[in-house]
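Student: Got a minute? I'd like to walk through this one with you.
Tutor: Sure, bring it up and ask away.

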Amino acid sequence: MTAEQVISFNSLHLPSFRSICRPPSSIPLTSTTKRKLLEGDTKKRPGPPPEPTLSTVDMRFMPCAFASFLALRGGQLGLAAATPPRNGSIANSPPEPRLDGKITPKVMIFAPEAQVWYDNMPHNSHGNLLAVNITIPGLSPRYPHVHCREDLQVCQVTTCEGEINAASSAMALLLSPKFNLTKTYFLLAGIAGANPKYSTIGGVALARYTVQVALQYEFDAREMPDNFTTGYVAYGTTQPEEYPKILYGTEVFEVSNALRDAAFNYAVRANLSDNEDSKKYRARYKPKGNIFAKASSGPEVVKCDTVTSDVYYSGTLLSEAFERTTGVWTNGTGRYCMTAQEDNAVLGSLVRMAVYGVVDFSRVVVMRTGSNFDRPPPNVTAYEHLLVLKQNGFEVAIQNLYIAGIEIVNGILKDWGAVFDKGIKPCNYIGDVLGSLGGEPDFGPGSETKGVGFRPPGNSTTRAIV
């Protein structure tokens with residue numbers, strides 16, 4: 001990708017990616033040297049071979065968005081020991097501790113844009129999220145560690161982008177014997193494309209539903225029948241805007257509305273960030289009047305839902321098609337306002353492990369902040385909107401991700417004894433479209449288990465294969 005092909009904010013070129021997957025940086029320290037620097041040990045000790053490093057030529061493969069953002073913030077890749085790393089490596093972080101028992105965090109943050117948490121938590125007296133770093137087999141090779149505060153009450157993991165990455169990393173964490181997550185609250189926090197009907201650049205959304213909208217048949221729009229409104233057709237059906245007759249089980253997830261209300265009440269306390277560049281692009285939506293009133297307004301915290309797709313789509317036709325998909329698949333209850341690449345994948349892993357009592361699915365919060373709009377303003381083409389014009393939403397989105405998110409985290413910790421230890425009882429159905437956790441879904445064809453839910457099977461037996 002050349003500089004002319006990317007989208008810029010301020011004086012630097014930056015792709016308006018909804019999330020950025022960062023490879024490890026070059027920090028030429030051996031494990032033995034790290035121990036000396038971090039522990040003040042001047043004696044020679046045997047250690048493992050030197051860790052592999054990246055040459056400066058290898059840094060060409062760092063996504064240009066992140067490289068530009070580092071330049072904007074004056075970041076350096078050779079970081080001081082007390083400075084949080086801007087990548088998956090923890091070469092300058094304290095060594096992994098020896099733990100006698102399992103780690104039982106009160107909050108686990110799934111955050112693709114993790115750097116804002118690393119940077120801000122220590123400076124705001126919220127603890128150092130890089131104080132304890134735990135290697136978990138099965139996490140992304142780029143992000144092989146779970147990071148925790150000193151007191152182990154708050155931890156964070158980076159799944160890397162996309163549904164496969166997210167599901168793989170989430171399951172690796174949930175299966176790890178190093179953690180007891182039965183009472184942990186999970187905060188899924190990432191940036192997104194905002195629906196201008198319900199939110200804006202820098203806006204914060206808390207979801208009840210997540211919908212895997214691209215899990216459908218697809219025609220190229222140039223080849224679809226004349227009476228079709230979109231090239232997307234649900235599995236097992238023959239025209240758009242019908243409920244799928246073939247279900248994979250990950251089409252829709254619903255989380256606790258009572259917990260979302262509690263999280264909302266904490267998040268609205270936040271003094272959200274904004275900037276002049278974002279305001280300029282928002283102003284382009286004013287000619288549409290009331291329908292895009294939220295788009296042209298400043299950031300606020302709202303309640304609306306997310307859609308998941310590995311495809312980074314943009315444009316009015318696709319966005320409106322997925323709005324209708326969200327409505328149909330949630331029986332008219334869901335309102336799509338933010339895009340995502342990971343939410344359904346992480347929630348799918350959480351539901352599967354909730355069946356076995358590893359996690360409590362009533363303790364899940366889904367939060368997204370708008371870094372760009374999912375469709376263009378008036379008199380702008382979808383191409384220009386995505387690849388030419390400057391939306392300038394990345395920085396304000398990640399700032400508000402932390403500003404609103406830390407209010408939720410601190411609220412859970414502060415009210416742990418009175419409220420969150422025992423949990424908030426859901427007032428709505430929670431789980432997937434299959435009814436895996438019991439109860440009757442308020443969307444879809446109904447529970448596959450007649451409301452009972454799936455139960456862990458008994459001890460399995462094996463027989464020789466002749």
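Student: Is Ala 404 buried or exposed?
Tutor: Ala 404 is buried, because its relative accessible area is 0%. Buried means under 20% relative accessible area, exposed means over 50%, and partly exposed lies in between (1.4 Å probe, protein chains only). One caution: this is a predicted model, where local features need pLDDT of at least 70, side-chain atom pairs count only at pLDDT 80 or more, and totals for chains, interfaces and linings use all residues. Residues are numbered from 1 along each chain as its sequence is written, and side-chain values use heavy atoms, with hydrogens and water left out.

Student: Which element holds Ala 404?
Tutor: Helix H11. Helices (H or I, at least four residues) and strands (E, at least two) are DSSP runs, numbered from the N terminus.

Student: And what does Ala 404 touch?
Tutor: Leaving out residues up to four places away in sequence, Ala 404 touches Val 204, Ala 267, Ala 270, Leu 272 and Met 367. A contact here is heavy atoms within 4.5 Å. As for Phe 264, its C-alpha atom is 9.2 Å from that of Ala 404, with the two positions 140 residues apart along the chain.

Student: Back to H11. How does H3 cross H11?
Tutor: The axes of H3 (residues 115–123) and H11 (residues 394–414) come within 10 Å and cross at roughly 60°. Axes are lines fitted to C-alpha atoms, for helices over the stretch in contact, and angles run from 0 to 180 degrees between N-to-C directions. H3 and H11 are therefore oblique to each other. Under 35 degrees counts as roughly parallel, over 145 as roughly antiparallel, 65 to 115 as roughly perpendicular, and the rest as oblique.

Student: Which residues make that contact?
Tutor: H3 supplies Val 116, Trp 117, Asn 120 and Met 121. From H11 come Ile 398, Gln 399, Leu 401, Tyr 402, Gly 405, Ile 406 and Val 409.

Student: How many of them are nonpolar, polar or charged?
Tutor: Eight are nonpolar, three polar and none charged in the contact of H3 with H11. Ala, Val, Leu, Ile, Met, Phe, Trp, Tyr, Cys and Pro count as nonpolar, Asp, Glu, Lys and Arg as charged, and the others, Gly among them, as polar.

Student: New topic. Where is Thr 308?
Tutor: In strand E14, residues 305–308. Thr 308 is buried, because its relative accessible area is 0%. Beyond residues up to four places away in sequence, its contacts include Glu 163, Val 211 and Asp 343.

Student: What about phi at Glu 241?
Tutor: Phi there is near 65°, a positive value in a residue other than glycine. Most residues other than glycine have a negative phi. Glu 241 sits in the loop between strand E11 (232–233) and strand E12 (252–254). Glu 241 counts as partly exposed because its relative accessibility is 41%.

Student: And phi at Asn 331?
Tutor: Near 55°, also positive in a non-glycine residue. Asn 331 is in the loop between helix H8 (316–329) and strand E15 (336–340).

Student: What is the mean pLDDT of the protein?
Tutor: The mean is 82, and 77% of residues reach 70 or more. pLDDT is the predictor's confidence in each residue, from 0 to 100. Over residues 459–466 the pLDDT is below 50, and that stretch has zero contacts beyond near neighbours in sequence.

Student: How many helices and strands overall?
Tutor: Twelve helices and 17 strands. Of the 466 residues in the protein, 55% are buried.
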